[in-house]
Amino acid sequence: MACTISIITSCRPLLCLSSGSNLALSSARIRATATQVSLWNRTSRIRSSSMSQPASASPIDSNSLPSQNDTSQPEIADVLVQYVVLRRDLIDTWPLGSVVTQGCHASVSAIWSNKDDPHTVDYCSPEKIDSMHKVTLEVKGEPQILNLSEKLTSGGIVHKLWIEQPENIPTCLATKPYPKSVVSSYFKKLKLCK
């Protein structure tokens with residue numbers, strides 16, 4: 001299982017590796033499996049000449065990282081995601097730019113209408129604005145998009161069903177940002193938009 005650690009852009013200490021040893025990183029993303037972390041744990045020492053750490057820092061404390069045989073799962077932050085759902089029948093008949101525009105309308109509307117929501121604030125924060133997560137899916141047509149909107153409404157999932165005017169055509173929908181674990185079950189039967 002892969003573990004992702006998102007790094008904030010300030011140079012505050014991010015991870016305490018052992019007593020008296022802090023690692024400060026900026027604007028990066030680290031992706032490592034438990035096995036890679038375990039191997040790193042056994043073979044690496046942190047060295048830094050450009051940060052506030054001495055050139056030869058102490059080795060990583062083997063008790064602070066999971067071992068290869070560790071069955072407990074590290075706590076991983078739930079990624080915030082916005083779902084955008086388009087109609088396949090419109091994708092097949094409208095110009096591509098028009099369909100993309102519909103998805104953009106729904107996405108922006110869902111964000112703006114929920115601009116004070118804590119998840120939306122976090123999703124659009126300066127630290128995360130360049131790494132937003134969106135999942136773009138498709139449904140067959142109008143009945144399916146209306147049905148999905150009803151299911152989301154009954155489940156308490158805030159979203160925007162975009163109705164194109166003046167034609168009054170429901171073209172797509174977008175959720176406000178949610179932790180993926182909260183909303184993914186509503187979309188598991190839908191296909192990725194291709």
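This is a short tour of a predicted model, stop by stop.

**Whole chain**

Start with everything shown. The protein has 194 residues, and 33% of them are buried. Its secondary structure amounts to 6 helices and 10 strands. Switch on the surface next. About 12200 Å² is exposed, with 55% of that area supplied by carbon and sulfur atoms. Now consider contacts with a separation of 6 or more. Residues 24 or more positions apart account for 68% of them.

**Colour by confidence**

Colour by pLDDT. The mean for the protein is 74. Residues at 70 or more make up 61% of the protein. Then select residues 1-68. Here pLDDT stays under 50 throughout. The model still has 82 contacts beyond four places in sequence for this stretch.

**Strand E8**

Select residues 169-175, which form strand E8. Is this strand mostly covered or mostly open? It is mostly covered, with 6 of its 7 residues buried. Keep E8 selected for the next two stops.

**E7 beside E8**

Add residues 159-164, strand E7. E7 and E8 pair in the antiparallel sense, over 6 bridges. Pick Leu 161 to see one of the pairings: its bridge partner in E8 is Leu 173.

Move to the turn. How many residues lie between the strands of this hairpin? There are 4. Centre on Asn 168 in the hairpin, where phi is positive, near 65°.

**E5 beside E8**

Now add residues 80-87, strand E5. E5 is also antiparallel to E8, and 3 bridges join the two. Pick Leu 86. Opposite it in E8 stands Cys 172. Leu 173, the partner of Leu 161 in E7, is also in E8. While the strands are on screen, one rule helps when following side chains: in a regular strand they alternate between the two faces of the sheet.

**Cysteines**

Stay on Cys 172 and show Cys 104 as well. What is the distance from Cys 104 to the nearest cysteine sulfur? It is 8.9 Å, and that sulfur belongs to Cys 172. A disulfide needs the two sulfur atoms within 2.5 Å, so Cys 104 is in no disulfide. For the model, the count is 0 disulfides.

Check the cover on Cys 104. Its relative accessibility is 43%, so Cys 104 counts as partly exposed. Last, select Cys 193. Cys 193 also counts as partly exposed, because its relative accessibility is 25%.

Technical notes. Residues are numbered from 1 along each chain as its sequence is written. This is a predicted model: local features need pLDDT of at least 70, side-chain atom pairs count only at pLDDT 80 or more; totals for chains, interfaces and linings use all residues. Side-chain values use heavy atoms; hydrogens and water are left out. Buried means under 20% relative accessible area, exposed over 50%, partly exposed in between (1.4 Å probe, protein chains only). Contact means heavy atoms within 4.5 Å. Accessible areas come from the Shrake-Rupley method with a 1.4 Å probe; for residues, only the protein chains shown count as cover. pLDDT is the predictor's confidence in each residue, from 0 to 100. Two strands pair if DSSP finds at least two bridges between them.
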